[in-house]
Amino acid sequence: QAQLVQSGGGLVQPGGSLRLSCTASGFSLGDYAIGWFREAPGKERERLSCTSYTDDTTYADSVKGRFSIVRDNAKETVYLQMNSLNSEDTAVYFCSATFLGNVCNLIDYWGQGNQVTVSA
């Protein structure tokens, strides 16, 4: 069964860092655009980044300069490195995959989500 499996997340103090992983199972991640999204309580889902299948990455203004993406096609995994976290980053984080995508819409697969909580 083709799916995206996420790992990472948890509780981190303000100013801290965290890394999320998104691993493809049953398909080749290199053929897909990978997006990272988050949902905070009472807010709409926000797209944080999109890495096209040609490996071009764009970031939302809210995370630009703090979050970064690393794609490791050999491990079928994309990493979301999050630095300088603050309470507004508290949310459930999701990765997505879009076949041969240059933008992260028309999602083919979603990860299961990881809770990230930033609190002292």
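**Arg38 and the salt bridges around it**

The side chain of Arg38 is in polar contact with the side chain of Tyr93, at 3.0 Å. The model is a predicted one, and Arg38 is a convenient place to enter it. This arginine belongs to strand S4, which covers residues 32-39. Its relative accessible area is 8%, so Arg38 is buried. Leaving aside residues up to four places away in sequence, Arg38 touches a list of residues that includes Glu44, Arg45, Glu46, Phe67, Glu88, Asp89 and Tyr93.

Some of these neighbours lead on to the charged pairs. Side chains of opposite charge can pair when their charged atoms come close. Six salt bridges are found in a search of the whole structure. A network of salt bridges links Arg38, Glu46, Arg66 and Asp89. Within it, Arg66 and Asp89 form a salt bridge whose closest N and O atoms are 2.7 Å apart. This pair links distant parts of the chain: Arg66 is in the loop between S6 and S7, Asp89 is in the loop between S8 and strand S9 (91-99), and 23 residues separate them. Arg66 and Asp89 are both buried.

Arg45, another residue that Arg38 touches, has a salt bridge of its own with Glu39, side chain to side chain, at 2.5 Å from N to O. Arg45 has 36% relative accessibility and therefore counts as partly exposed. Glu39, at 30%, is also partly exposed.

A further salt bridge joins the side chains of Arg71 and Asp55, at 3.3 Å from N to O. Here too the pair links distant parts of the chain, with Arg71 in strand S7 and Asp55 in the loop between S5 and S6, 16 residues apart. Arg71 counts as buried because its relative accessibility is 14%. Asp55, with a relative accessible area of 45%, is partly exposed.

Strand S7, residues 67-72, has side chains that alternate between two faces. Phe67, Ile69 and Arg71 point to one face and are buried, whereas Ser68, Val70 and Asp72 point to the other and are not. S7 pairs with strand S8 (residues 77-82) in the antiparallel sense, over six bridges. In this pairing Val70 stands opposite Tyr79 of S8. Four residues lie between the two strands of the hairpin, where Glu76 takes a positive phi near 55°.

The loop between strand S5 (46-51) and strand S6 (57-59) also holds Tyr53. The relative accessible area of Tyr53 is 34%, so this tyrosine is partly exposed. Together with Phe99 and Leu100, Tyr53 makes a nonpolar surface patch of about 280 Å².

Technical notes: Residues numbered from 1 in each chain as written. Predicted model: local features only at pLDDT ≥ 70, side-chain atom pairs only at ≥ 80, totals over all residues. Heavy atoms only, no water. Buried < 20%, exposed > 50% of the residue type's maximum accessible area, 1.4 Å probe, protein only. Pairing = 2+ DSSP bridges. Patch = residues over 30% accessible without salt bridge, like charges linked within 9 Å, V, L, I, M, F, W, Y side chains within 5 Å. Areas by Shrake-Rupley, 256 points an atom, 1.4 Å probe, with all protein chains shown as cover. Salt bridge = Lys/Arg side-chain N within 4 Å of Asp/Glu carboxyl O. Polar contact = N/O pair within 3.5 Å; in protein donor to acceptor, adjacent residues only side chain to side chain. Contact = heavy atoms within 4.5 Å.
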